[in-house]
Amino acid sequence: MPHGLVFDIQRFSLHDGPGLRTLVFLKGCPLQCWWCSNPESQSSHREILFDPQRCTGCGTCAAVCPSGAVFRDAHGRAVYRRELCAGCGLCADACPNQARRLVGSWTTVAEVMEEVQRDLPFFRRSGGGVTLGGGEPLFQAQFASEILEACRHQGINTALETCGYAPWQAVRDLCRRADHVLFDVKHIDPEEHERLTGVDNTRILANLEDLARIHPDVVVRYPLIPDLNDSDAQVTRLARFLRGLKGVRRIEVLPYHRYGERKYEMLGRSYPLAGTAIPSASEVQHVCELLLAEGLECSGVAA
Amino acid sequence: MNDRVARLRQRMVASTPSVDMNRARLVTQVHREAQGEPEAVVWSKALYKLFTELPITIAPDELIVGSPTVKPRAAQLFPEVQAGWLDGELDKVGTREWDPLQLDESDKAELRHDVLPFWEGKTISERVYKWCPEDTKHLIYMDPAAWPTSSTGIIDNFSLIQKGIGTVVPNYRKVLTLGVRGILEQLDHAMSALDPTEPQNISKIQFLTSASIALNGLVRLAHRYAALAAQMAEAEPDATRRKELADIQQTCSWVPYNPPRNFREALQSFWFTHVAVRLEESGHSLSPGRFDQYMLPYYISEPTSDRRDRALELIECLFVKFSELMLFVSTDTSKFYTGVPQWQNLNLGGRTREGRDATNELSLLCLDAMIDLKVVQPDISVRIHADTPESFLIKGCELARLGTGHPKFYNEDLIAHSMGCKGLSLEESRDFAIMGCVEPRVQEKEGIHLTGGFINMPAALELALNDGFWRFGGKQVGVRTGDPCQFASFKRVMDAFKEQLAHIVRHMFVVNAIAENAYSDLLSSPFLSALTQGCMETGRDLQHGGATYNFGPAVNEIGIADVADSLAAIKKLVFDEKRMTMSELLDSLARDFEGREQTRAELLHHAPKFGNDDDEVDLIAHEVVQFCNDEVMKYRNIFGGQAQAGIIAVTAGIPFGKVVGALPSGRRGSEPLADNASPYAGNDLKGPTAILRSVAKLDPARLRNGTLLNMRLSPTSVSSPEGLHKMASFIRGMCDVGCWHIQFNVVSTDILRDAQQHPEKYADLLVRVAGYSAYFTQLHREVQEDIIRRTEHAA
């Protein structure tokens, strides 16, 4: 049975496709967006989230670590050397305080299905189903594809969340298996896109154009980040690009939020957008109106 | 709502809850003067005196008239059940932390002088105290040696005994279809068949006589209102109001004596019946039942032009009347039932006796009225099944979204199925009515529910972990089940827990049996009995077993999640994984985790928790709940009916939590227990659908008294039309997976915190407490905190 690296399965999701949905988060992403609210999703390896606020310095973790990544210093405090960590998770299991959490679990398709089928009655009643997200599902395309196939067998509606950064054949093959595609466009300008996410958007936009021709239900999602991609000119340029795409049903504006900020600290990383303000409701409304004015169906999604 | 209704609502909201002593005075007078007369007749004479002598009033703007008290939100007293503890309450009721009520000094003095001495020793609670065996006393009374005392918090049936039972759906339909006239004719007919020389007939004749006296009294009450309206009309300068008063006069001259000729008369007849029951019965949960069913014929008989608007105004006037009623409960009881709940449960939708969808125009109209009004009563219940029209469900969700706690949503078919298991016909099972929190009753045929009460499940576990010793009380009240450190397997722990639980349940029924005898000896309910099927036929009051069905008592299991989480933690951490020893665990519990934070963290984070759709703990919860259910169902009441269990905590988790020390779930001593069937606050990490799955695993259909589930939703998740539809499908899914009921608080933590800071801005903020809504700012701080702790679900 093929398996993949899953870092969370969330039930009762209301905003990621139609109806009530279960979100399956796959680990590993080719992009590193500055605003990423799931930084633990980016690496394709298992890793430890360490919350210093919960640590009582009991030393249980140091006692069980087989690779010397956690040890106690001269003052008895726990020190964590992330570069030595093999991601085995023994410390997380041993920690009584949930100060250490292992992100990523090797999961079979059958295990994923067992979990998602628990909400079948709610999928049926609401027209909901499963949404694959991440991370980037294309990063584990074979695994993602088998989950979508298994869902189809069970009559479960599927949605795929993707940043679209992959060879066209891969994008095409996976998206075809999903009933809905939630396609992220982070920035319309190639250079800015590269600066903010680490990769150029030429391939992404080309994939979106091609996908829109063959998939009947593509929703574009646009994260709205103050000062980075929210100018009228950028939004209008995006709208004019999207307007010509046949399969694109709608654009959803996802206002920037800071829920992920603490996780950077827990990964031992600094937060690229420290101090950035959350867009106000009227700013979101304004962007929606710009998009509407260009003839796009648009909705702002609550964070 | 229109201006009239807005003014009526404002008058109610602005009124200060108070005590009215007129009932106490009049009832005592009758009993004092009638000593030696047949008990049943004395009670009906008391009722007659109330109907004919209580001060009455018609407030400005009112269209539906009648009230047990002149002031809105005033509580009548029922010395026949309350006198045993009332004296100690009189000085504190005005200033108590929980649900204070204003009481005049002169009334207080009169109560002490003239009323309470007469009833001394004659009330249910005193009788129970005096008759209770010593060993049972230790499980029931905090201080077994001194009366009055409070309950231990291990068992509580005190809160019921102290204020009377109630819990009934009166047969309003009978008054509507026959009129009081028709019922009186039936009584005459039954009487004429009884030969007074036959000794067995004497009590029957007395009962039938008492029922006639009570019914005639109600007609007199209606006529007093008619006369008052006529008198007021004469003095009324405003022509419009004069016409309204004339209409009131006509209406009250006709109903309830005659069957109503239109919708308004039907509402007025209904309301007089309700007021009569509220004057007769001291208890809570006197519920209108399937209002949209029995009122429908009168609604559709109205001319269709502007029918809806006229009916809406009248229904809104009626709902304000419901909200004007009040109950007096003791300080102790008010902790169990915070926010002066009344549980006047008004059912909408569901199925007909024939199994068809019963939702109608009136069902929708009642929801519209509550959407307009946002008042505390009646308690709106919405019954959902596969054929329920989407429009009705969506309107129910619109009401829920307002954050008032209304309505409650029920799984119609599952409840009907559960009713069928009691041996009812299919038609009777379908035609149940929900009363109280979530309890189903047989319409028109079922008596009162007898005593019952609450069982503190975590207390039983604590006894099992301490060889029967109760830490908080400092004494041995349980069975000796052995030193847990010697237990070789988890099964031994479970067996010890079950033995303690069975012991507690048994003692509860020792008290129930005494209480049932006391009720039967001391009380009669001639008015309610006249409406209940079986009483007239057998010539017996329902307090004496006259009703066709007598199920109960109802026993509620409190702290399910606490017990399940605790047992699962012991199984996993002590026995399966051996992460700690039993003695380490017990030592940590004894210290309330003081200096044992690591152990507590293990318990909190490394053991499965109920509410996450995890069989490892959910199946333990099921075993525990159904074990208690089986124990309860072993017992029968004084009339032969089978007892039944349920999971309805009201706010009992707070006082019960105070007498339970630290638990293996990681909960610290004296903290509140888990709310009703909900996961322990903050332990639910997998969201609302997982909670429903966990609760469904308890097998609610088998818990015949009902399973209550509260959930908090964030307002943003249901603010859009799409969000509303998702909520509706969530509720349909709730039925599919097999839960009994769900109700929502749709209000954000920010708002609730702000309301605590600035209560003046939130005087009419309604929230769902348990099986009822209450004004948030009037709740005790601990209950407020409990509501805030319930996880707010967004996605």
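This passage describes the interface of chain B and chain A in a predicted model, and then the surroundings of A:W34.

The interface of the two chains involves 25 residues of chain B, which are in contact with 27 residues of chain A. Between them, the chains bury about 2,300 Å², and 54% of this area lies on carbon and sulfur atoms. Five salt bridges are found across the interface of chain B and chain A. In a salt bridge between A:E115 and B:K686, the side chains meet at 3.3 Å, N to O. Polar contact across the interface is found for 13 residue pairs, with both residues at pLDDT 80 or more. On the side of chain B that touches chain A, two or more residues each are given by α27 (597-605), α30 (688-696) and α31 (721-737) of chain B. The largest share of this side, eight residues, is contributed by α31(B). Classified by residue type, the side of chain B that touches chain A comprises nine nonpolar, seven polar and nine charged residues.

Within chain A, residue A:W34 is placed in the loop between β2 (21-26) and β3 (47-50). The relative accessibility of A:W34 is 26%, so this residue counts as partly exposed. Beyond its neighbours within four places in sequence, A:W34 is in contact with A:R195, A:L196, A:L228, A:Y264, A:Y271, A:P272 and A:L273. With A:R195, the backbone oxygen lies 3.3 Å from a polar atom of the A:W34 side chain. A:S67, by contrast, is 33 residues from A:W34 in sequence and 31 Å from A:W34 in space, C-alpha to C-alpha.

Definitions and conventions:
Residues are numbered from 1 along each chain as its sequence is written. Chains are lettered from A and ligands numbered from 1 in the order in which they are written. This is a predicted model: local features need pLDDT of at least 70, side-chain atom pairs count only at pLDDT 80 or more; totals for chains, interfaces and linings use all residues. Side-chain values use heavy atoms; hydrogens and water are left out. Contact means heavy atoms within 4.5 Å. Buried area is the accessible area (1.4 Å probe) that two parts lose on being put together, summed over both. A salt bridge is a side-chain nitrogen of Lys or Arg within 4 Å of a carboxyl oxygen of Asp or Glu. A polar contact is a pair of N or O atoms within 3.5 Å; within protein, one must be able to donate a hydrogen and the other to accept it, and residues adjacent in sequence count only if both atoms are side-chain atoms. Helices (H or I, at least four residues) and strands (E, at least two) are DSSP runs, numbered from the N terminus. Ala, Val, Leu, Ile, Met, Phe, Trp, Tyr, Cys and Pro count as nonpolar, Asp, Glu, Lys and Arg as charged, and the others, Gly among them, as polar. Buried means under 20% relative accessible area, exposed over 50%, partly exposed in between (1.4 Å probe, protein chains only).
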